[in-house]
Amino acid sequence: MGGAKTDMEKLYCQVVSKGQGAGLPSPTDFKRNDPQVQALLLRRPAGRLGLEVPEGDQPQYGQLADCRLQGERIACPQQRYNLAANQPNSKLESGALGERMERTYSLLKQDKKTLAVKARYHNRLPDDLSLCTVINPDIVVCDNVGTNWVYVSANR
């Protein structure tokens with residue numbers, strides 16, 4: 001990425017140059033994400049290289065330090081999150097995916113018209129909260145590289 005300006009963009013370049021960028025978006029798409037999402041994207045590949053992701057602005061809605069993982073539930077002092085099941089595209093709102101995902105969404109929607117979607121493909125759950133990141137006040141995403149789990153606020 002020529003002209004990397006931020007620490008996250010510089011780290012992105014390091015990760016890609018050392019061969020760990022296979023799962024990362026293109027440089028242009030990476031730059032479009034806010035710093036918190038960039039950090040989330042870089043956390044695993046940078047960690048495999050022993051590189052530390054710079055601390056960005058922490059979200060004001062809190063961290064998971066005071067929370068407990070309870071299988072299909074994450075319990076925090078001020079909030080509870082429940083594991084979300086997979087949903088067919090007919091139940092998703094395209095606006096929620098953002099404009100840049102619209103084309104991908106359309107292709108997936110065509111595929112899923114003919115494919116059945118299971119609510120769960122296995123019974124595994126995240127091992128601990130170190131695999132999880134607060135995306136916004138209503139969503140926590142956990143990722144062990146092989147599986148992503150989305151937990152949504154019980155108040156949503």
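Here are short exercises with worked solutions on a predicted model of a protein.

**Exercise 1. The overall fold**

State how many helices and strands the protein has, and in which pattern they follow along the sequence.

Solution.
- Step 1: Count the elements. The secondary structure comes to four helices and six strands.
- Step 2: Read along the sequence. The pattern is α-α-α-β-β-β-α-β-β-β.
- Step 3: Look at burial. The protein has 156 residues, and 26% of them count as buried.
- Step 4: Look at the contacts with a separation of 6 or more. Residues 24 or more positions apart account for 55% of these.

**Exercise 2. How helix 1 meets helix 3**

Decide whether helix 1 and helix 3 are roughly parallel or roughly perpendicular. Then find the residues that make the contact.

Solution.
- Step 1: Locate the helices. Helix 1 covers residues 7–17, and helix 3 covers residues 35–48.
- Step 2: Take the geometry. The two pack at an angle of about 25°, with their axes 10 Å apart.
- Step 3: Apply the cut-off. Angles under 35 degrees count as roughly parallel. Helix 1 and helix 3 are therefore roughly parallel to each other.
- Step 4: Add the handedness. Helix 1 passes helix 3 in a left-handed crossing.
- Step 5: List the partners. Helix 1 supplies Met8, Leu11, Tyr12 and Val15. Helix 3 supplies Pro35, Gln38, Ala39, Leu42, Pro45 and Ala46.
- Step 6: Sort this contact by class. It has nine nonpolar residues, one polar residue and no charged residues.

**Exercise 3. The two sides of helix 1**

Show why the buried residues of helix 1 line one face of the helix.

Solution.
- Step 1: Name the buried residues. They are Met8, Glu9, Leu11, Tyr12 and Val15.
- Step 2: Look down the axis of helix 1. The buried residues fall within an arc of 160°, so they line one face.
- Step 3: Find what they pack against. Their partners are helix 2 (27–32) and helix 3.
- Step 4: Turn to the face away from the buried side. There helix 1 carries the exposed residues Asp7 and Ser17.

**Exercise 4. Just past helix 1**

Describe lysine 18 and glycine 19.

Solution.
- Step 1: Place lysine 18. This residue lies in the loop between helix 1 and helix 2.
- Step 2: Check its exposure. Lysine 18 has 49% relative accessibility, so it counts as partly exposed.
- Step 3: Compare chain and space. Lysine 18 and proline 45 are 27 residues apart along the chain, and their C-alpha atoms are separated by 9.9 Å.
- Step 4: Go to glycine 19, just after helix 1. Its phi is positive, about 80°.

**Exercise 5. Two residues before strand 1**

Is cysteine 67 buried or exposed? What does proline 54 contact?

Solution.
- Step 1: Place both residues. Cysteine 67 is found in the loop between helix 3 and strand 1 (68–70). Proline 54 is found in the loop between helix 3 and strand 1 too.
- Step 2: Use the cut-off. Buried means under 20% relative accessible area. Cysteine 67 has 9%, so it is buried. Proline 54 has 24%, so it counts as partly exposed.
- Step 3: List contacts, leaving out residues up to four places away in sequence. Cysteine 67 touches Ile74, Ala75, Cys76 and Leu129. Proline 54 is in contact with Asp7, Met8 and Leu11.
- Step 4: Add C-alpha distances. Cysteine 67 and proline 77 are 6.8 Å apart in space and 10 residues apart in sequence. Proline 54 and alanine 39 are separated by 7.6 Å and are 15 residues apart along the chain.

**Exercise 6. A positive phi**

What is the phi of valine 145, and where does this residue sit?

Solution.
- Step 1: Recall the general rule. Most residues other than glycine have a negative phi.
- Step 2: Check the residue. Valine 145 is not a glycine, yet its phi is positive, about 80°.
- Step 3: Place valine 145. It is in the loop between strand 5 (139–143) and strand 6 (148–153).
- Step 4: Check exposure. Valine 145 has 55% relative accessibility, so it counts as exposed.

Technical notes:
Residues are numbered from 1 along each chain as its sequence is written. This is a predicted model: local features need pLDDT of at least 70, side-chain atom pairs count only at pLDDT 80 or more; totals for chains, interfaces and linings use all residues. Side-chain values use heavy atoms; hydrogens and water are left out. Axes are lines fitted to C-alpha atoms, for helices over the stretch in contact, and angles run from 0 to 180 degrees between N-to-C directions. Angles under 35 degrees count as roughly parallel, over 145 as roughly antiparallel, 65 to 115 as roughly perpendicular and the rest as oblique. A crossing is left-handed if the near helix is turned anticlockwise from the far one by less than a right angle, and right-handed if clockwise. Contact means heavy atoms within 4.5 Å. Ala, Val, Leu, Ile, Met, Phe, Trp, Tyr, Cys and Pro count as nonpolar, Asp, Glu, Lys and Arg as charged, and the others, Gly among them, as polar. Buried means under 20% relative accessible area, exposed over 50%, partly exposed in between (1.4 Å probe, protein chains only). The arc is that of the directions from the helix axis to the C-beta atoms.
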